[in-house]
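Here is a short tour of one protein chain for someone new to structures. Keep the 3D view open while you read.

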Amino acid sequence: MNSTPVTHFVLGAYIDIGSLKYLCFLVLLLMYSAILLCNIVLIVLICLNRNLHEPMFIFLCSLFFNELYGSAAIFPVLLIQVLQDVHVVSTLVCLLQIFVLYSYGGIEFAMLAVMSYDRYLAICHPLQYGSRMTPNKIAFLTALSWCYPLMMNLFITYGLTAPLTLCGNIIHKVYCDNYWVVRLSCFDTRLNNVFGLTHMFSVILGLVLLIIYTYIRILRVCFNGSRQTRQKALSTCTPHLLSLINFSFGAFFEIVQSRFNMGSLSNPLRIFLSLYWLSVQPLANPLLYGLRMTKVRLILRMLLFGK
């Protein structure tokens, strides 16, 4: 096999757009600035305001931290690459980006599942909510949502992918992707593929089943409860459902695009859809929760306008 040590990767999905690259740079810079501003403002707001020291808002704070974590792995690289004529990234940076992006996705899905469980307890078991959602349980669920994806993706990235002998260095994406690196291997990667697919679908399936179960129970309470109960459930569950649907759509397309031939789609459309779950979700979450949740909206209005 014609293999040499790979010290860098070429990101082959970038296209020559001439002077429009400066416009793309400006749009990306504005998006990243908005992501940083919105998420940091809400994190500070939740941490400093005692009225928001509730389980739901603590989970939200963790979710906003994850948006900062994930966006830090994609936007600085995009901002640098979009202005370059040759789109090259070192192997160390590429592996680090893979680790952060994949762990970001795992943490996001885990936190959304934890938040659906929290809403289930608050709506379906309101009298036992305080005794069931204790500070220790909040800490455990938050730690588990972060530690498991971090440890698992640390093993996948540096234990399975990094040691591979590669026979190429061109990744046909605008950022580093684990599956594309594995495809460059000179040797059989069946172990990587089986482990990756088994882990992905077993964890995702478990979280999806948990979310479906909690929302079936919530809907049952809403239909059988009073109008006030329905309104409260809708006000707290709508942002979560919109966030979940938005992230699931983006992540599903990314999985499909990595595993199947999407040559029928134009290259700009594939780039846009592959970046959707990494660029829209970090901005959508603070806007959804900041604008739609009454407590957050009222506190923001009071801080901004003094009333």
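Let us start with a term for how covered a residue is: buried means under 20% relative accessible area, exposed means over 50%, and partly exposed lies in between, using a 1.4 Å probe and protein chains only. By that rule H125 is buried, with a relative accessible area of 16%.

A word on where the values come from. This is a predicted model, in which local features need pLDDT of at least 70 and side-chain atom pairs count only at pLDDT 80 or more, while totals for chains, interfaces and linings use all residues. Residues are numbered from 1 along each chain as its sequence is written, and side-chain values use heavy atoms, with hydrogens and water left out.

**The overall picture**

The protein chain has eleven helices and three strands; here helices (H or I, at least four residues) and strands (E, at least two) are DSSP runs, numbered from the N terminus. Follow the sequence and you meet them in the order β-α-α-β-α-α-α-β-α-α-α-α-α-α.

How does the radius of gyration of the protein chain fit a compact globule, and what is its value? It is 21 Å, which agrees with the value near 19 Å for a compact globule of 307 residues. This radius is taken over C-alpha atoms, and the globule rule is 2.2 Å times the number of residues to the power 0.38. The C-alpha atoms fill a box of roughly 70 × 45 × 35 Å along the principal axes.

Buried residues make up 47% of the 307 residues. A contact means heavy atoms within 4.5 Å. Of the contacts with a separation of 6 or more, 79% are between residues 24 or more positions apart.

**The two disulfides**

A disulfide is a pair of cysteine sulfur atoms within 2.5 Å. How many does a search of the whole structure find? The search finds two, and their pattern is 1-3, 2-4 when bonded cysteines are counted along the chain. By contrast, C38 is in no disulfide, and the nearest cysteine sulfur, that of C61, is 15 Å away.

| Disulfide | Distance between sulfur atoms |
|---|---|
| C94 and C176 | 2.1 Å |
| C167 and C186 | 1.8 Å |

Take the pair C94 and C176 to begin with. The torsion about their S-S bond is about -125°, so the disulfide is left-handed. C94 lies in helix 3 (residues 91–124) and C176 in the loop between strand 3 (170–171) and helix 6 (178–183), so the pair ties together parts that are 82 residues apart in sequence. C94 is buried at a relative accessible area of 0%, and C176 is buried at 1%.

Now turn to C167 and C186. With 120° about the S-S bond, their link is right-handed. C167 sits in the loop between helix 5 (135–161) and strand 3, and C186 in the loop between helix 6 and helix 7 (190–224), so this pair joins parts 19 residues apart in sequence. C167 is partly exposed, with a relative accessible area of 33%, whereas C186 is buried, with 10%.

**Back to the histidine**

Where is H125 found? H125 is in the loop between helix 3 and helix 4 (129–132). Leaving aside neighbours within four places in sequence, H125 is in contact with Y120, R132 and R217. C124 is buried too, with a relative accessible area of 15%.
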